[in-house]
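Me: Can you walk me through this one? I'd like to talk about its pockets, its chain contact and its cavities.
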Amino acid sequence: MSDSTTPPVSATPVVGTARVKRGMAEMLKGGVIMDVVTPDQAKIAEDAGAVAVMALERVPADIRAQGGVSRMSDPDMIDGIINAVSIPVMAKARIGHFVEAQILQSLGVDYVDESEVLTPADFANHIDKWAFTVPFVCGATCLGEAMRRINEGAAMIRSKGEAGTGDVSNATTHMRKIRTEIRRLQALPADELYVAAKEMQAPYELVKEVAETGKLPVVLFTAGGIATPADAAMMMQLGAEGVFVGSGIFKSGNPAQRAAAIVKATTFHDDPDVLAKVSRGLGEAMVGINVDDLPQPHRLAERGW
Amino acid sequence: MTVPVIGVLALQGDVREHVAALTGVGAQARPVRRPEELDAVDGLVIPGGESTTISKLTDIFELREPIDKRIAAGLPVYGSCAGMIMLAAEVLDGRPDQRGFAGIEMTVRRNAFGRQVDSFEAPVALAGVDGGPFHAVFIRAPWVERVGAGVDVLGEVTDGPAAGRIVAVRQGNLVATSFHPELTGDLRLHRYFVDLVRAA
């Protein structure tokens with residue numbers, strides 16, 4: 001951090017800058033973002049201490065169970081949730097569906113999740129996220145994928161995990177992989193970063209930046225399969241800066257209590273005494289599906305590239 | 001006190017950026033999540049974050065009373081954005097159960113500039129801080145709607161639709177800004193606060 005002062009680029013206020021987009025995610029750090037499908041659920045999430053809610057029509061577990069094409073939510077539903085809570089509201093657009101993203105921006109959502117949980121709308125291109133005032137979060141399974149999304153304008157990255165399963169193993173794999181690949185870049189001599197960029201299919205400038213700083217230039221959250229306070233705390237200990245919980249809360253026996261417990265576990269992720277206390281008496285966790293039992297075409301993490 | 005120890009309330013938010021900024025101006029910075037950690041600090045920073053979450057966790061982890069007591073005894077506190085809301089005697093557009101530390105006699109409006117698409121950067125000059133205006137970053141930021149007699153207004157937005165809105169204040173040892181100096185690498189406000197802690 002330099003001690004010099006940055007001269008203002010403009011005397012008049014400027015919106016939609018990379019700094020306000022990335023900065024918004026910085027403010028969510030150490031927090032839990034919860035999937036909600038109704039205004040009532042949004043209120044429960046806010047009451048439990050969520051830092052934001054993700055408005056969607058069906059949680060991933062139901063998308064998985066019901067099948068079909070999964071799309072952006074009805075604007076009425078998103079409006080209802082925006083009006084129900086004072087915390088930020090995020091919403092999902094299909095991968096590559098820039099018009100869904102335009103609509104979400106027009107509705108005033110605070111963050112768009114270009115999400116593999118919905119059915120992809122473009123199998124070659126993701127959304128050009130620089131073209132928007134609203135910031136985007138995107139999923140990644142490895143560092144190369146994270147840097148490709150950042151290059152397209154993503155202001156926040158989350159591990160993909162395997163949404164709607166309650167099986168945390170893929171989130172663990174993705175988070176460990178991203179962190180390991182960052183450490184590998186840090187260890188490489190400068191003249192090997194060019195080939196590293198080629199191999200990771202990521203822009204050299206970003207590769208160089210990550211190698212120098214030892215971190216992504218945007219906030220890194222975890223998502224996909226987190227169902228218990230211990231899951232959330234483990235992901236934080238593995239280097240996540242915050243947690244998305246999808247089906248894990250409202251598919252469980254006592255959503256309000258579980259939501260509050262996951263919030264506390266995220267803040268005190270390194271204190272086993274607190275974790276033991278908040279893990280008690282939560283009732284049934286979501287039933288869950290083992291990722292290994294999912295046939296290949298039904299694995300959401302493999303959507304996006 | 002040669003090297004002041006300054007805590008950053010680490011329940012949620014951009015704790016790391018404040019720790020880095022405080023370290024950058026020669027303070028010893030450490031996260032505070034427990035009452036006993038609060039006892040060991042000479043000053044406290046309440047970071048940016050989600051004020052409803054920070055308020056809730058402050059109650060759950062039994063920090064409210066100890067922080068109120070320290071503030072009453074003169075503890076210097078600086079709050080940015082959510083931290084400003086936590087230091088306000090009155091909050092508009094917050095949740096009904098949302099409570100701050102009753103520090104500064106002021107009324108603050110949450111998300112006053114609008115939603116995230118309205119978040120912006122603009123120059124803001126602060127009284128008592130030399131070196132030209134801050135490059136201020138406002139993220140779903142609050143503004144100060146009313147201040148009591150004992151409160152000094154340090155800065156206002158000067159241009160655009162929100163021109164004239166109060167975005168930086170000080171009352172005694174308590175300082176609050178709507179914007180986030182911790183995000184820009186401009187350490188002047190943290191130096192101002194550390195000087196205040198040294199003098200307290």
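Reply: Sure. Keep in mind that this is a predicted model. Let's start with the second largest pocket, which has a volume of about 460 Å³.

Me: How many residues line the second largest pocket, and which lie nearest its centre?
Reply: The lining has 17 residues. Nearest the centre lie A:Gly30, A:Met236, A:His269, B:Gly13 and B:Val15. Two elements give two or more residues to this lining: helix 12 (255-267) of chain A and helix 1 (15-24) of chain B.

Me: How do the residues of that pocket lining divide by class?
Reply: There are 6 nonpolar, 6 polar and 5 charged residues in the lining of the second largest pocket.

Me: New topic. How many residues does each chain bring to the contact?
Reply: Chain A brings 55 residues and chain B brings 50. An interface's size is often given as the accessible area lost when the parts come together. Here chain B and chain A bury about 4,200 Å² between them. Carbon and sulfur atoms hold 57% of that.

Me: How many salt bridges are there between chain B and chain A?
Reply: The count is 9. One salt bridge pairs A:Asp110 with B:Arg115. Their closest N and O atoms are 2.6 Å apart. The two chains also have 25 residue pairs in polar contact, with both residues at pLDDT 80 or more.

Me: Which element gives the largest share of chain B's side?
Reply: Helix 3 of chain B, with 5 residues. By class, the side of chain B that touches chain A has 16 nonpolar, 15 polar and 19 charged residues.

Me: OK, cavities. How many of 30 Å³ or more does the structure hold?
Reply: It holds 3. The largest cavity has about 180 Å³ of space.

Me: What lines the largest cavity?
Reply: 22 residues do. A:Asp35, A:Ala163, A:Ala223, A:Gly224 and A:Gly246 lie nearest its centre. Strand 9 (243-245) and helix 11 (247-250) of chain A each give two or more residues to this lining. By class, the lining has 8 nonpolar, 8 polar and 6 charged residues.

Me: And how much space lies in the second largest cavity?
Reply: About 150 Å³. It has 15 lining residues, and the closest to its centre are B:Gly49, B:Glu50, B:Cys81, B:Ile139 and B:Arg140. Helix 1 (18-27) of chain A and helix 5 (82-86) of chain B give two or more residues to the lining.

Me: What classes make up that lining?
Reply: The second largest cavity is lined by 8 nonpolar, 4 polar and 3 charged residues.

Definitions and conventions
Residues numbered from 1 in each chain as written. Chains lettered and ligands numbered in written order. Predicted model: local features only at pLDDT ≥ 70, side-chain atom pairs only at ≥ 80, totals over all residues. Heavy atoms only, no water. 1 Å grid on protein atoms, 1.4 Å probe; cavity = no way out; pocket = protein on both sides within 12 Å on 5 of 7 lines; lining within 4 Å. Points joined across faces, edges and corners; volume = space filled by probe spheres on them. Helix = DSSP H or I, 4+ residues; strand = E, 2+ residues; numbered from the N terminus. Nonpolar A, V, L, I, M, F, W, Y, C, P; charged D, E, K, R; others polar. Contact = heavy atoms within 4.5 Å. Buried area = accessible area lost by both parts, 1.4 Å probe. Salt bridge = Lys/Arg side-chain N within 4 Å of Asp/Glu carboxyl O. Polar contact = N/O pair within 3.5 Å; in protein donor to acceptor, adjacent residues only side chain to side chain.
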